Amino acid sequence: MSLENLSNNRSFGGWHKQYRHRSEVLRCEMRFAIYLPPNATGGRRVPVLYWLSGLTCTDENFMQKAGAQRIAAKLGMALVAPDTSPRGDDVADDPAYDLGQGAGFYVNATRDPWRQHYRMYSYVLDELPQLVESHFPVSGERAVAGHSMGGHGALVLALRNPEHYRSVSAFSPIANPAGCPWGRKAFSAYLGTDISDWAEYDASQLMSRAERVVPALVDQGEADEFLLEQLKPETLEAAADECDYPLRLRRHEGYDHSYYFISSFIEDHLNFHAQHLGVRA
C-alpha cells in the first residue's frame with residue numbers, strides 16, 4: 001500500500017507526520033498520524049502505542065491536545081493515531097454525532113448500509129499495523145490506548161487479542177456499551193438487534209471471561225458529565241474483580257471528559273506502557 005505524506009512537523013527532536021492511504025478493509029481513503037521519536041533512526045526500530053480517539057474526533061485531537069510527544073520522545077516510543085471511522089461521500093453517515101462518520105465504534109459492522117465500510121476493528125487490529133510496520137522504523141511490539149469511544153475500542157481489541165498487545169489503557173472508556181445509550185444505538189445499527197452479537201464488543205463482558213490477560217490501566221474523572229449514564233466504569237471493575245484481572249482503575253476528583261483530563265495523566269499512561277514494552281528513559 002502506498003502512502004501520501006500530508007504534513008511534517010518537528011516535535012521534541014522527533015517528527016509528527018500525517019498520511020493518507022487507500023484502505024482495502026474500509027474501502028475508502030483513510031488518514032492517520034504518527035509521531036516518531038528521535039531515536040527511531042539508524043536502523044533502530046521502536047515500539048508503538050496506538051491511540052484510539054472518541055466520538056467526533058480525528059487523528060488530530062490526541063496529537064495536538066494530549067501533550068504526549070514530549071514523553072514519547074524521552075521514552076523512545078512511536079505514537080500512531082488513526083481516524084475514528086471511514087469517511088467519504090460514498091460512506092454511509094447519519095445526522096447524529098454518535099452514529100456514522102466520526103463514530104465507527106471500532107467494530108466490524110454486519111448490517112446495511114454500514115457493513116461495506118465500517119470495519120474499524122479489523123483496520124486497527126490488522127491493516128494499520130501492517131502498513132505502519134512496513135513503512136516506518138517501528139517494531140512489532142505494540143500497546144493500545146484510547147479515550148471514551150476509543151477507550152472502549154482499545155479495551156476490546158486488547159481483550160480479544162492479547163497476543164497482539166503488551167498493555168492497554170483508557171481514559172473515560174465506554175466500559176459497558178451494551179448497557180448504555182451510546183452503545184445500544186451504535187450496536188443496533190452496526191450489528192443488529194440480537195444482543196448476543198454485542199458481547200464481542202463489550203469490554204466488561206469480555207473481561208469477565210478472559211482466559212489470557214493484558215495489563216490494563218483506566219483513569220476516570222469523577223466530574224465527567226457522561227459518567228453515570230454512558231461510561232459505567234463500575235461494570236468493568238466488577239468484571240475484573242470476578243476473574244482477578246490485572247486492572248488498575250483510578251478515579252480522579254474534579255476531572256471531566258476533556259483533554260484537560262487526558263493531558264494531566266498522559267505521562268502516567270505512557271510510562272505504564274513503556275514498562276510493559278520494555279523501554280525506559
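Mentor: Quick ground rule: contact means heavy atoms within 4.5 Å, while helices (H or I, at least four residues) and strands (E, at least two) are DSSP runs numbered from the N terminus. This is a predicted model, where local features need pLDDT of at least 70, side-chain atom pairs count only at pLDDT 80 or more, and totals for chains, interfaces and linings use all residues. Residues are numbered from 1 along each chain as its sequence is written, and side-chain values use heavy atoms, leaving out hydrogens and water.

Trainee: In what order do the nine strands of the open sheet run?

Mentor: Two strands pair if DSSP finds at least two bridges between them. The pairing in this sheet is mixed. Reading across it, the order is 1-2-3-5-4-6-7-8-9.

Trainee: Which are the edge strands?

Mentor: Look for strands that pair on one side only. Those are strand 1 (4–11) and strand 9 (247–252).

Trainee: Which residue in strand 6 is the bridge partner of Leu-49?

Mentor: Strand 4 (residues 46–52) and strand 6 (residues 138–147) run parallel, paired over six bridges. In strand 6, the partner of Leu-49 is Ala-143.

Trainee: At about what angle does helix 4 run to strand 6?

Mentor: Helix 4 (residues 149–160) lies across strand 4, strand 6 and strand 7 (168–171). Angles run from 0 to 180 degrees between N-to-C directions, with axes fitted to C-alpha atoms, for helices over the stretch in contact. Against strand 6, helix 4 comes out at about 135°.

Trainee: Which residues of helix 4 meet helix 3?

Mentor: Helix 3 (residues 120–135) packs on helix 4 at about 60°, axes 11 Å apart. Helix 3 brings Tyr-121, Val-124 and Leu-125. Across from them in helix 4 sit Val-156, Leu-157 and Arg-160.
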